Amino acid sequence: MSSKDWIEKDYYAVLGVEKSASSDEIKKLYRKLARESHPDHNPGDPKAEERFKAVSEAYAVLGEEKKRREYDEMRSLFGSGAFRRNARTGGQPGGMPFDVSDLFGGAAGGTGTRFGGGGFTDLFSSIFSGGGAGPARARGPARGRDVEAEVALDFEDAVRGVTLPLTLRAPGICDTCHGNGAKPGTQPVACPVCQGAGVTTRNQGSFSFSEPCRNCQGVGTIVEEKCPECHGTGGVTKTRTLNVRFPAGVADGQRIRLAGRGEPGERGGPAGDLFVHVKVRPDELFGRSGDDLTLTVPITFAEAVLGTDLRVPTLDGTVTLRVPAGTPSGRVLRARGKGVVRKDGRAGDLLVTLDVVVPAKVSDEARAALEAFAEQTPPAAREHLDARVRRFS
Ligand SMILES: [Zn+2]
Ligand SMILES: [Zn+2]
């Protein structure tokens with residue numbers, strides 16, 4: 001069964017059911033029709049045999065949920081859709097070459113993969129995006145495509161802002177042939193099969209079916225002598241470098257839009273945008289929390305108890321922070337204005353988390369001093385826990 005059968009044959013009419021019929025209705029009608037037309041019941045009747053075959057073929061598609069969906073989708077696209085309208089208006093599908101047999105391959109093979117996602121419809125919308133009227137060269141301006149790129153920034157560059165050259169590789173129009181794919185000095189000629197229409201039409205009874213011309217892949221022209229630069233495709237991969245300014249305080253995961261720096265437009269259309277996805281490499285010392293920088297500073301138990309002055313690094317210098325006597329572990333000290341400085345002059349803070357460290361080993365003298373200290377220290381406030389512990393003892 002070819003995919004063209006799918007376009008041309010109305011399996012619903014063969015079974016005499018509505019397009020909205022349930023699978024049960026379809027099954028019932030199929031059984032009835034198959035019984036009636038079965039060759040065993042109609043010996044020597046070629047019409048019945050033909051009918052039996054047609055009914056079986058229809059049921060093979062409509063009786064299977066997945067195939068039925070593909071069939072519906074295909075017919076809605078081709079039956080009322082773009083191809084026919086295009087052919088009538090004499091329009092030419094846009095310049096994107098594609099292989100029709102390839103397009104149909106999925107359906108004919110019954111795998112249905114091409115119809116599963118958005119690919120099929122997308123392909124068509126892009127092929128016919130130029131509209132039905134007029135040949136390709138008369139089509140209006142088209143906006144260039146958006147381009148996505150990813151850049152990894154050093155932590156400090158992201159905090160301070162930086163300008164970096166960004167090299168982009170993107171498909172572009174071949175300069176040698178200006179995109180028509182023909183060797184310089186030659187011109188593409190109208191396709192002899194479709195006379196430049198890009199579509200071919202076949203009549204089948206009272207219906208006419210149009211499909212993209214196989215000879216020119218729907219372009220309407222063919223190239224006799226190929227451009228040596230692009231080998232007839234009209235496109236080349238172009239490399240361009242632009243300087244991208246990353247503002248101070250740009251964050252990991254942020255996306256920067258550079259209007260008009262995407263792919264150039266066609267026929268005078270505006271260029272697309274460039275979207276740069278920012279990755280920020282972690283710093284050895286500092287972390288980020290919005291516009292605040294974070295830093296963890298280990299202190300001794302004695303420093304926490306007695307208090308001390310701490311000199312800690314900032315991104316561009318140092319700052320001295322007062323640790324008051326009796327500071328608990330985990331306390332966060334704030335150095336105002338030592339965080340990320342924004343363009344408007346506002347700045348985040350440096351948040352310093354104090355981490356009281358416990359030595360794994362102490363000297364004999366330290367141990368003795370600690371034991372003396374312990375004797376002078378009231379026990380930790382654990383009464384609220386002790387009450388619960390007693391329940392289980
Ligand atoms: Zn070329
Ligand atoms: Zn053609």
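## Two zinc sites and two open sheets

Let's start in the loop between β3 and β4, which is where Q195 sits. Bear in mind that you're looking at a predicted model. The protein has 393 residues, with 13 helices and 15 strands. Two zinc ions are covered below, then two open sheets, and then a pair of residues with positive phi.

**The chain as a whole**

- Some 34% of the residues in the protein count as buried.
- Take the contacts between residues at least 6 apart in sequence: 65% of them join residues at least 24 apart.
- The exposed area of the protein comes to about 23800 Å². Carbon and sulfur atoms account for 51% of that area.

**Zinc ion (ligand 1)**

- The ion is held by four cysteine SG atoms, from C174, C177, C227 and C230, at 2.2 to 2.4 Å.
- Along the chain, these donors are spaced as C-x2-C-x49-C-x2-C.
- C177 belongs to the loop between β2 (162-173) and β3 (189-190), and C230 to the loop between β6 (221-222) and β7 (235-246), so this pair ties together parts that are 53 residues apart in sequence.
- The four donor atoms make angles of 105 to 116 degrees, and the site is tetrahedral. For reference, the ideal angle for four tetrahedral donors is 109.5 degrees.
- Buried means under 20% relative accessible area. C177, at 5%, is therefore buried, and C230, at 4%, is buried too.

**Zinc ion (ligand 2)**

- Here the protein donors are the SG atoms of C191, C194, C213 and C216, which lie 2.2 to 2.3 Å from the ion.
- The spacing of these donors along the chain reads C-x2-C-x18-C-x2-C.
- C194 is in the loop between β3 and β4 (199-204), while C216 is in the loop between β5 (207-212) and β6, so the two tie together parts that are 22 residues apart in sequence.
- The arrangement is tetrahedral because the four donor atoms subtend angles of 103 to 115 degrees, and the cut-off asks for all angles to lie between 85 and 135 degrees.
- C194 and C216 are both buried.

**The three-strand sheet**

- This is an open sheet with the strand order β1-β9-β8, and its pairing is mixed.
- β1 and β8 (255-258) are at the edges with a single partner strand each, so one side of each has no neighbour in the sheet.
- On average, neighbouring strands here are turned by 25 degrees against each other, ignoring direction.
- β1 (residues 147-153) and β9 (residues 274-280) run parallel and are joined by seven bridges. Within that pairing, V147 is opposite L274, and L153 is opposite V280.
- In a regular strand, side chains alternate between the two faces of the sheet. β1 has V147, A149, V151 and L153 on its covered face, with E148, E150 and A152 on the uncovered one.

**The four-strand sheet**

- Its order is β10-β11-β15-β14; this sheet is also open, and its pairing is mixed.
- The edge strands are β10 (287-289) and β14, each with a single partner strand, so one side of each is left without a neighbour in the sheet.
- Neighbouring strands in this sheet are turned by 35 degrees against each other on average, again with direction ignored.
- At one edge, β10 pairs with β11 (residues 292-299) in the antiparallel sense through three bridges. The bridge partner of G287 there is T294 in β11.
- At the other edge, four bridges link β14 to β15 (residues 350-356), and these strands run antiparallel. L333 of β14 is opposite V352 in β15.
- The side chains alternate along β14 (residues 332-335): L333 and A335 are buried on one face, whereas V332 and R334 point to the other face and are not buried.

**Two residues with positive phi**

- Back to Q195: its phi is near 55 degrees, a positive value in a residue other than glycine. At 65% relative accessibility, Q195 is exposed.
- H231, not a glycine either, has a positive phi of about 55 degrees. H231 lies in the loop between β6 and β7 and is exposed, with a relative accessible area of 58%.

Definitions and conventions:
Residues numbered from 1 in each chain as written. Chains lettered and ligands numbered in written order. Predicted model: local features only at pLDDT ≥ 70, side-chain atom pairs only at ≥ 80, totals over all residues. Heavy atoms only, no water. Donors = N, O, S within 2.8 Å, 3.2 Å for Na, K, Ca; no water. Tetrahedral: all angles 85-135°; square planar, octahedral: opposite > 155°, others 65-115°. Buried < 20%, exposed > 50% of the residue type's maximum accessible area, 1.4 Å probe, protein only. Pairing = 2+ DSSP bridges. Contact = heavy atoms within 4.5 Å. Areas by Shrake-Rupley, 256 points an atom, 1.4 Å probe, with all protein chains shown as cover. Axes fitted to C-alpha atoms, helices over the stretch in contact; angles between N-to-C directions.
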